[in-house]
Amino acid sequence: MTRILVTGGAGYVGSVSADAFLAAGHDVVVIDDLTTGHRAAVPPAAIFREGTYTDQADLARLLESERIEAILHCAARSLVGESLREPARYYRDNVAGGVGLLEAARTTGVGRIVFSSTAAVYGIPDRTPVEEDDPLRPINPYGESKRAFEAALAWYGRAYGLRSVTLRYFNVAGATEALGEDHDPETHLIPNVLAAAEGRAELTVFGADYPTPDGTCVRDYIDVADLADAHLRAIEATDPADPRTDEALVCNLGNGGGFSIREVIAAAEAVVGHAIPHAIGARRAGDPPVLVARSSRAEGVLGWRPLRLSLEEMVGSAWAWRAAHPGGYRD
């Protein structure tokens, strides 16, 4: 049993991961400032502390008082458009705040961390599926801030013996029975498709003339429960007795093939039982035709393999959660 701090544990990915840790028998403490997360999303068995990981002194006190042994770092600014408008915020929170988190961990003797990163660190890759050793060329401050923190993790491993696992992935989808996706603003495709199915939003497909089988962009999706399982396996791999993470391990996560936007819409139509209105718009600058991650390292080193591979399963669980929570978390 490990005492784990989950930063951003009131958010979509963090809450589902915290729940998975608890189910595996670990103790969980969540820290979240609730600017984008929801208090109701924090699993009841977790200890909740409202606050921010960017306050180094407060975080160090929390790590000591709660006897934290490992950290899952999910909290971050994560909107691409916002990062282009406000790069200072992304460097301040994701980079400077992230280094403050590492310093708090170092000074309190917490030597294990899993970083929930992003495949945005690759930018527009030269090939797909993208692999961990491919060039990192972010095209926005969000991706750059994640890349910078990844580099800090690696150097902290070499200098201070920090054991870390970084997980890179493109899109997360789906829900568990208790926990789902509730963002404001919502920038992810599947919840926006479902909002259009409910008649609550207009849906635009940006470009239908790409060199893909149906003309729309192809993207990787993994189920949020599969991501939580990867986080759990990564936390366990940072144990000092485990030889897999003597310094820093980086793994991609993907479903092995990817799905086009038209396929996502078709799967959603099958789930909801009716056509979903949408318009075809112009391409967006910087959108590659295909973005898919190769996850063979995660399978080989962590023993991770996605179990929920179909779009219908991911979209179906998201739709079921929305039906059970029509107003989201209502907080």
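**Close-up 1. Phe 206 sits in strand β8, residues 204-206.** The model shown here and in the views that follow is predicted. Is Phe 206 buried or exposed, or something in between? Its relative accessibility is 33%, so Phe 206 counts as partly exposed. Leaving aside residues up to four places away in sequence, Phe 206 touches Gly 281, Ala 282, Arg 283 and Arg 284. Arg 147 lies 59 residues from Phe 206 along the chain, and the C-alpha atoms of the two are separated by 27 Å.

**Close-up 2. Seven strands form an open sheet with parallel pairing.** The strand order is β3-β2-β1-β4-β5-β6-β11. Which strands are at the edges? They are β3 (47-50) and β11 (248-252), and each pairs on one side only. On average, neighbouring strands of this sheet are turned by 15° against each other, direction ignored. Strands of a sheet pair through backbone hydrogen bonds, either parallel or antiparallel.

**Close-up 3. Strand β1 is mostly covered.** Five of its five residues are buried. Which residues of β1 point one way, and which the other? Arg 3, Leu 5 and Thr 7 point one way, while Ile 4 and Val 6 point the other way. All of these residues are buried. In a regular strand the side chains alternate between the two faces of the sheet.

**Close-up 4. Strand β1 pairs with β2 and with β4.** Five bridges join β1 to β2 (residues 27-32), and the two strands run parallel. Val 6 has Val 30 of β2 as its bridge partner. Between β1 and β2 the chain passes through helix α1 (residues 12-23), and this β-α-β crossover is right-handed. β1 and β4 also run parallel, joined by four bridges. Here the bridge partner of Leu 5 is Ile 71 in β4.

**Close-up 5. Helix α7 lies across four strands of the sheet.** The helix covers residues 224-237. The strands it lies across are β1 (3-7), β4 (70-73), β5 (112-116) and β6. At what angle does α7 run to β5? The angle is about 155°.

**Close-up 6. Strand β6 meets the edge strand β11.** How many bridges join β6 to β11? Five bridges join them, and the two strands run parallel. β6 spans residues 163-168. Arg 168 has Asn 252 in β11 as its bridge partner.

**Close-up 7. A three-stranded open sheet shows mixed pairing.** Its order is β12-β9-β14. β12 (259-260) and β14 (290-291) are the edge strands, each pairing on one side only. In what sense do β9 and β12 pair? β9 (residues 218-219) and β12 are antiparallel, with two bridges between them. One bridge partner pair is Val 218 with Ser 260 of β12.

**Close-up 8. The second largest pocket is lined by 18 residues.** The space in this pocket is about 290 Å³. Which lining residues lie nearest its centre? They are Glu 181, Asp 182, His 183, Arg 200 and Arg 322. Helices α6 (189-197) and α10 (311-324) are the elements that give two or more residues to the lining. The largest share, three residues, comes from α6.

How values were computed. Residues are numbered from 1 along each chain as its sequence is written. This is a predicted model: local features need pLDDT of at least 70, side-chain atom pairs count only at pLDDT 80 or more; totals for chains, interfaces and linings use all residues. Side-chain values use heavy atoms; hydrogens and water are left out. Two strands pair if DSSP finds at least two bridges between them. Axes are lines fitted to C-alpha atoms, for helices over the stretch in contact, and angles run from 0 to 180 degrees between N-to-C directions. Contact means heavy atoms within 4.5 Å. Buried means under 20% relative accessible area, exposed over 50%, partly exposed in between (1.4 Å probe, protein chains only). A crossover is right-handed if, with the strands pointing away from the viewer, the path from the first strand over the helix to the second runs clockwise. On a 1 Å grid over the protein atoms alone, a cavity is a set of points where a 1.4 Å probe fits but cannot get out, and a pocket is an open set with protein on both sides within 12 Å along at least five of seven lines; lining residues have an atom within 4 Å of a point. Grid points are joined across faces, edges and corners, and a volume is the space filled by probe spheres set on the points.
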